[in-house]
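Here are a few notes to read alongside the structure. Have it open while you go through the points.

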Amino acid sequence: MELGTFPSLDIYLSHDSDASKFALDKVKLIGRLLKQEGVQLVSDIDSSILVVAVITKDYLKKVEADEGNCSNEFNYAVQTRKLQIPVVIDFEEIDPKGWQNGFVKVALEGNSPLDLSSEGDRLEEDVRNLATEIKNRVKLFLAEEGTEQPEQFDFSHLTAERDFVTLVRALSSQEGGIQTKAALALATLADDGANQAAIAVAAGIAPLVDTLFTGTVVGRTYATAALANLACNEANRVTIVEAGAIFPVVKLLQKGKPHAKTQ
C-alpha cells in the first residue's frame, strides 16, 4: 500500500464510477484543475488526508442503498473519520435540505457542499475556491490535532533495519508526531509479506489497534493501513479481531478496500 507524504494535500476524489459521461468528464476536469492548484489526487482513501465527495442524485441513492463503489468509499471515509468536503455538480443537489433523509445527510450535517455545477471560467474559479478550502481544512485539522511533522523524527534507519520492537514501542509515545511516524513506518513495512509475521511476533498488533483510538487522525489512518496489510497474513486476522479492531478494520476486510478509479 503506497502511503502519501505527510503532511500533504493528498486527497481522494470519491464519485459514482457509473455516472453519465458528462459527470465523469466533469470529475476528471475538476481533478486536473485541483492538480494545477497544488492538490494531489491519490488512488486510495488510506493514502489521503481528506476526501472530496462528488455528490449527485445517483451518488446519494447508492450510498443509502449500500451499493456501488461510492457507497463503499463514503462509508469507509466515515468509518475512518476522514476529513470530508462534499461538492455538487448537479444544480438540483446544491441544497442539502432537498436530499433524502438518510446516512449521507446525517454524516455531512453542518458540512455545506460547495457548488461546482458551473462551467468554463466560473468552474475554474470555483475549483480554486475548493483548493483553498482543502488547504484551510487541512491546516485547521493539523492545528487541532497538535500533529507534529514526522520529518523531525527520523525513523528511516529503524525501517531499513526492520527494528520492529523499537517501532512498536514508539506507538506508545505521548508525542503525536512520533506515534504517527511509527504507524507510517509499520504500515510501509507491513506491505511486505515477509514482515507481517515478524511485526506480530514483536507484539505490534495491539498497539496499532490502540492507535486507532488514541492517535491523531492521521496516525489512525496509518494504523488502519498497517492493520489492513497485516491482515493479509491469515494468522494475524484472529489476533487483530481479538485486539478489538472490529471497527473499522473488520469492515474493511468484509467489503474490501476501495480501489483506484480513473481520475
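1. Which residues in α2 meet which residues in α3? On the α2 side they are Tyr59, Lys62 and Val63, and on the α3 side Cys70, Ser71 and Phe74. Keep in mind that this is a predicted model.

2. Now for how these helices sit against each other. Two packed helices are described by the angle between their axes and the distance between the axes. The axes of α2 and α3 cross at roughly 70 degrees and come within 8 Å. Angles of 65 to 115 degrees count as roughly perpendicular, so that is the label for α2 and α3. Their crossing is right-handed.

3. Two of the contact residues deserve a second look. Tyr59 and Phe74 form an aromatic pair, with 6.5 Å from centre to centre and 85 degrees between the planes, which makes the arrangement edge-to-face. Tyr59 belongs to helix α2 (residues 57-65) and Phe74 to helix α3 (residues 68-79), so the pair ties together parts that are 15 residues apart in sequence. If you go looking for other pairs by this rule, the count comes to 1 aromatic pair.

4. Are Tyr59 and Phe74 buried or exposed? Tyr59 has 0% relative accessibility and so counts as buried. Phe74, at 1% relative accessibility, counts as buried too.

5. On to the sheet. The sheet is open and has 5 strands, running in the order β2-β1-β3-β4-β5 with parallel pairing. At its edges you'll find β2 (40-41) and β5 (114-115), each of which pairs on one side only.

6. Further in, strand β1 (residues 10-14) pairs with strand β3 (residues 50-55) in the parallel sense, over 4 bridges. To see one of the partnerships, pick Tyr12: its bridge partner in β3 is Val51. Helix α3 turns up here again, since α3 packs on the sheet and touches β1, β3 and β4 (83-88). The direction of α3 makes about 145 degrees with that of β4. Put next to point 1, this gives α3 contacts with α2 as well as with the sheet.

7. Finally, a spot in another helix. Ala198 lies in helix α9 (residues 193-201). How far apart are Ala198 and Val165 in sequence and in space? They are separated by 33 residues in sequence, and their C-alpha atoms are 9.6 Å apart in space. With 28% relative accessibility, Ala198 counts as partly exposed, whereas Tyr59 counts as buried.

Terms used
Residues are numbered from 1 along each chain as its sequence is written. This is a predicted model: local features need pLDDT of at least 70, side-chain atom pairs count only at pLDDT 80 or more; totals for chains, interfaces and linings use all residues. Side-chain values use heavy atoms; hydrogens and water are left out. Rings of Phe, Tyr and Trp (its six-membered ring) pair if their centres lie within 6.5 Å; planes under 30 degrees apart count as stacked, over 60 as edge-to-face and the rest as tilted. Helices (H or I, at least four residues) and strands (E, at least two) are DSSP runs, numbered from the N terminus. Buried means under 20% relative accessible area, exposed over 50%, partly exposed in between (1.4 Å probe, protein chains only). Two strands pair if DSSP finds at least two bridges between them. Contact means heavy atoms within 4.5 Å. Axes are lines fitted to C-alpha atoms, for helices over the stretch in contact, and angles run from 0 to 180 degrees between N-to-C directions. Angles under 35 degrees count as roughly parallel, over 145 as roughly antiparallel, 65 to 115 as roughly perpendicular and the rest as oblique. A crossing is left-handed if the near helix is turned anticlockwise from the far one by less than a right angle, and right-handed if clockwise.
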